[in-house]
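This report describes selected features of one protein structure for a reader new to the subject. Please keep the sequence and the model in view while reading.

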Amino acid sequence: MTGTEPATTEARTVTLTYREAMRDALRRALADEPVFLIGEDVGQYGGAFGVTLGLLEEFGPERVIDTPLSESGFVGAGIGAALGGTLPIVEVMTVNFSLLALDQILNNAATLSHMSGGRLHVPLVIRMTTGAGRQLAAQHSHSLEGWYAHIPGLRILAPATVEDARGMLAPALADPDPVLIFEHGSLYNDKATLPATPVPVSIDTAAIRRPGTDATVIGYGGTLATALSAADQLATEGIQAEVIDLRSLRPLDDATIMESVSRTHRAVIVDEGWRSGSLAAEISARITEQAFYDLDAPVERVCSAEVPMPYARHLEQAALPRPSDVAASVRRTVN
């Protein structure tokens, strides 16, 4: 345990960063022999973002496997190993690089169960970092999880809290089919106090992170904090925004979204992806299909500017959804 764990058993809590929570989940998973970790720099370097630090020393090079710079190769190796009865966890540094393995993910991992009539399963977990806000420029900062949420045969998760960062890996590994976990890079230093023993978390349902009555703000991953900050601003004006954390991007929890919109009668979606063809567009369409007569205003979307993510800090911040943008959208729906 790398967090600050109390010496006595009475407290039974531990303070972890998002990074440490994910590492704790990996350590607990690796205690099970069929599980192994594979990817670039996951061993000696400890992972591009320090998530796997120390796991090589603890579990050895046959369970924590460094690979050459070949996304298609090591993702393909993970798929083959999953078909052979193991439980691989594949780490891809950033979502941009995962496109080099898209053929393996789409044409093999996502399709084999369907193409084999359910006789083959690929119990594979792929982790990758997504999102901007750290001045890593266009090739390391995009949010393409909406692309992957388009693909049937994949489950797409986006833990936004430290608790979900620790709790989602175990149920993801229990899924007989491939699961992709998107970790927003700006969350790794977030910190929270959790029960010392992990409690189960859902990978099927969205969570209401802030109750409200005047509008529903829908976010996930790195945009949850943006949505909550906007809700705090709005509360000072007497507008109570309900904030939903999607958690699972495929499948989407339509029931939670529609139940909230049916009460608040307004919806604003916060998505760090580009607006055109976005996850936000899909959610907006579903609200129109399923809750149109409950709406008192058009659905609003707050997305990233449709440009490659800039390096310059002021331009990057201007390209991303900001709490002030979300608050302005909510005000338009209310007024």
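## A buried serine in strand 12

Ser248 belongs to strand 12, which covers residues 248–250. The model discussed here is a predicted one. Is Ser248 buried or exposed? Its relative accessible area is 1%, and the cut-off for a buried residue is under 20%; Ser248 therefore counts as buried.

The surroundings of Ser248 can be described through its contacts. Leaving aside residues up to four places away in sequence, Ser248 touches Ile156, Leu157 and Ile203. In addition, a polar atom of the Ser248 side chain lies 2.6 Å from the backbone oxygen of Pro251.

## The cis peptide bond at Pro251

Pro251 is located in the loop that runs between strand 12 and helix 11. The peptide bond joining Arg250 and Pro251 is cis, with omega at about 0°. As a general rule, most residues other than glycine have a negative phi, and most peptide bonds are trans.

## Helix 11 and its packing

Helix 11 spans residues 254–264, and its buried residues are Asp254, Thr256, Ile257, Met258, Ser260, Val261 and Thr264. Which elements do these buried residues pack against? Their partners are four strands and a helix: strand 9 (207–210), strand 10 (215–219), strand 11 (241–245), strand 13 (267–274) and helix 12 (279–291).

Just after helix 11 comes His265, whose phi is positive, at about 70°. His265 is not a glycine, and it sits in the loop between helix 11 and strand 13. With a relative accessibility of 26%, His265 is classed as partly exposed.

## Two domains and their interface

The domain assignment divides the protein into domain 1 (13–195) and domain 2 (207–334). The centres of these two domains, taken over C-alpha atoms, are 26 Å apart. To the contact, domain 1 contributes 31 residues and domain 2 contributes 24 residues.

The size of an interface is often expressed as the accessible area lost when the parts come together. Between domain 1 and domain 2, the buried area is about 2100 Å², and carbon and sulfur atoms give 56% of it. On the side of domain 1, the residues that lose the most area to domain 2 are Gln135, His142 and Ala158, which together account for 24% of what that side buries.

## Polar links and the side of domain 1

How many salt bridges are counted between domain 1 and domain 2? The count is 2. A salt bridge joins the side chains of Arg209 and Asp164, with a distance of 3.1 Å from N to O. Across the interface of the two domains, 16 residue pairs are in polar contact.

On the side of domain 1 that touches domain 2, helix 7 (145–148) and strand 6 (155–157) each supply at least two residues. By residue type, that side consists of 17 nonpolar, 10 polar and 4 charged residues.

## Gln135 in its loop

Gln135, one of the residues of domain 1 that lose the most area to domain 2, lies in the loop between strand 5 (125–130) and helix 7. Although Gln135 is not a glycine, its phi is positive, at about 55°. Where does Gln135 stand in terms of accessibility? Its relative accessibility is 26%, and partly exposed residues fall between the 20% and 50% cut-offs; Gln135 is therefore partly exposed.

Definitions and conventions:
Residues are numbered from 1 along each chain as its sequence is written. This is a predicted model: local features need pLDDT of at least 70, side-chain atom pairs count only at pLDDT 80 or more; totals for chains, interfaces and linings use all residues. Side-chain values use heavy atoms; hydrogens and water are left out. Domain bounds come from an automatic or database domain assignment. Contact means heavy atoms within 4.5 Å. Buried area is the accessible area (1.4 Å probe) that two parts lose on being put together, summed over both. A salt bridge is a side-chain nitrogen of Lys or Arg within 4 Å of a carboxyl oxygen of Asp or Glu. A polar contact is a pair of N or O atoms within 3.5 Å; within protein, one must be able to donate a hydrogen and the other to accept it, and residues adjacent in sequence count only if both atoms are side-chain atoms. Ala, Val, Leu, Ile, Met, Phe, Trp, Tyr, Cys and Pro count as nonpolar, Asp, Glu, Lys and Arg as charged, and the others, Gly among them, as polar. Buried means under 20% relative accessible area, exposed over 50%, partly exposed in between (1.4 Å probe, protein chains only).
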